[in-house]
Amino acid sequence: WFKHHNNFRNTPAMSYVQNQLDGDGVAAVYRLYEVFTERFGIDDNFSGSIMLSPPTSEVWLLRELFPLNGSDTEYTLKDLQRFLTICETAGIVTLLREEDNSVATQEDGSQKVTGKKVWTTVTIPGFASLADEYNTNKQKKKSKGLETTR
């Protein structure tokens, strides 16, 4: 559980998203928070960040934020990048882009470097501070490491 922004829709950041992307953009911001809430603590990641690399790729995030629900609008990866850039401008997220090797799994199971790719890490600033007491304690326990008892 995470603390709820009771007036998030009235903030300048959300007004900016509304002006740029209409209701679909606003809904996508709320979905983004839900995705981060679901991912919080997975693999001991309490950072409020998601690196867009398999399996949590750009395509995965696109489908999470703009689900195919029979609407006439088909969103693309270009739309996702625009959404993230608008959210960054509004201060809702920070984006860190790093270039690294791109690999492909071969038929024999080995991996082959296929070139370079820009990997994007999406962070919601201050996200961890929204955690409720249970999740905050869970985070603290994980970060303590091994302890001995007497």
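Before we start, one definition: a residue is called buried when its relative accessible area is under 20%, exposed when that value is over 50%, and partly exposed in between. Keep it at hand for the stops below. Please also remember that you are looking at a predicted model.

**The whole chain**

Begin with a cartoon view of everything. The protein chain has four helices and three strands, and along the sequence they follow the pattern α-β-α-α-β-β-α. Of the 150 residues in the chain, 34% are buried. Contacts reach across the sequence too: among those between residues at least 6 apart, 56% join residues at least 24 apart.

**Stop 1: helix α1**

Select residues 12–39, which make up helix α1. Its 28 residues would span 40 Å in a straight helix at 1.5 Å a residue, but the C-alpha atoms at its ends are only 26 Å apart. Where should you look for the bend? Centre on Leu-21, where α1 bends by about 130°.

Now step along to Asp-22, also found in helix α1. Most residues other than glycine have a negative phi. Asp-22 is not a glycine, yet its phi is positive, about 60°. Asp-22 counts as exposed because its relative accessibility is 51%, whereas Leu-21 is one of the buried residues of α1.

Show the side chains of the other buried residues as well, including Ala-13, Met-14, Val-17, Val-29, Leu-32 and Phe-36. What do the buried residues of this helix pack against? Colour β1 (49–51), α2 (58–65), α3 (77–90) and β3 (111–123), and you have their packing partners.

**Stop 2: the aromatic rings**

Next, show the rings of the aromatic residues. The structure holds six aromatic pairs. Start with Phe-8 and Tyr-30, an edge-to-face pair with 5.8 Å from centre to centre and 90° between the planes. This pair links distant parts of the chain: Phe-8 sits in the segment before α1 and Tyr-30 in helix α1, 22 residues apart. Are the two partners buried or exposed? Phe-8 is buried, as its relative accessible area is 8%. Tyr-30 has a relative accessibility of 30%, so it counts as partly exposed.

For another pair, go to Phe-66 and Phe-83. Their ring centres are 5.6 Å apart and their planes stand at 90°, so this pair is edge-to-face. Here again distant parts of the chain are linked, with Phe-66 in the loop between α2 and α3 and Phe-83 in helix α3, 17 residues apart. Phe-66 is buried, with a relative accessible area of 7%, and Phe-83 is buried, at 1%.

Then return to Phe-8 and Tyr-30 and add Tyr-33, Phe-36 and Phe-127: ring pairs link these five residues into a cluster.

**Stop 3: Leu-84**

Select Leu-84 in helix α3. Its relative accessible area is 0%, so Leu-84 is buried. Setting aside neighbours within four places in sequence, display the residues in contact with Leu-84: Leu-52, Leu-61, Val-93, Leu-95 and Val-122. You can also draw a distance from Leu-84 to Val-29, which lies 55 residues away in sequence but 9.4 Å away in space, C-alpha to C-alpha.

**Stop 4: the β2–β3 hairpin**

Two of those contacts of Leu-84, Leu-95 and Val-122, lead to the strands. Leu-95 stands opposite Val-122 in β3. Select strand β2 (residues 94–105) together with β3, and you will see antiparallel pairing over twelve bridges. The two strands form a hairpin with five residues between them, and in the turn Gly-109 has a positive phi of about 95°.

On β3, pick Thr-120. Thr-120 is buried, because its relative accessible area is 4%. Beyond neighbours within four places in sequence, Thr-120 is in contact with Ile-50, Met-51, Leu-52, Leu-95, Leu-96 and Arg-97. While you are here, show Lys-117 and Trp-119: the charged end of Lys-117 sits over the ring of Trp-119, 5.2 Å from its centre.

**Last stop: a cis peptide bond**

Finish at Pro-55, in the loop between β1 and α2. Most peptide bonds are trans. The bond from Pro-54 to Pro-55 is cis, with omega near 5°.

How values were computed
Residues are numbered from 1 along each chain as its sequence is written. This is a predicted model: local features need pLDDT of at least 70, side-chain atom pairs count only at pLDDT 80 or more; totals for chains, interfaces and linings use all residues. Side-chain values use heavy atoms; hydrogens and water are left out. The expected span of a helix is 1.5 Å times one less than its number of residues. The bend at a residue is the angle between axes fitted to the seven residues ending there and the seven starting there. Buried means under 20% relative accessible area, exposed over 50%, partly exposed in between (1.4 Å probe, protein chains only). Contact means heavy atoms within 4.5 Å. Two strands pair if DSSP finds at least two bridges between them. Rings of Phe, Tyr and Trp (its six-membered ring) pair if their centres lie within 6.5 Å; planes under 30 degrees apart count as stacked, over 60 as edge-to-face and the rest as tilted. A charge sits over a ring if NZ of Lys or CZ of Arg is within 6 Å of the ring centre and within 35 degrees of the ring normal.
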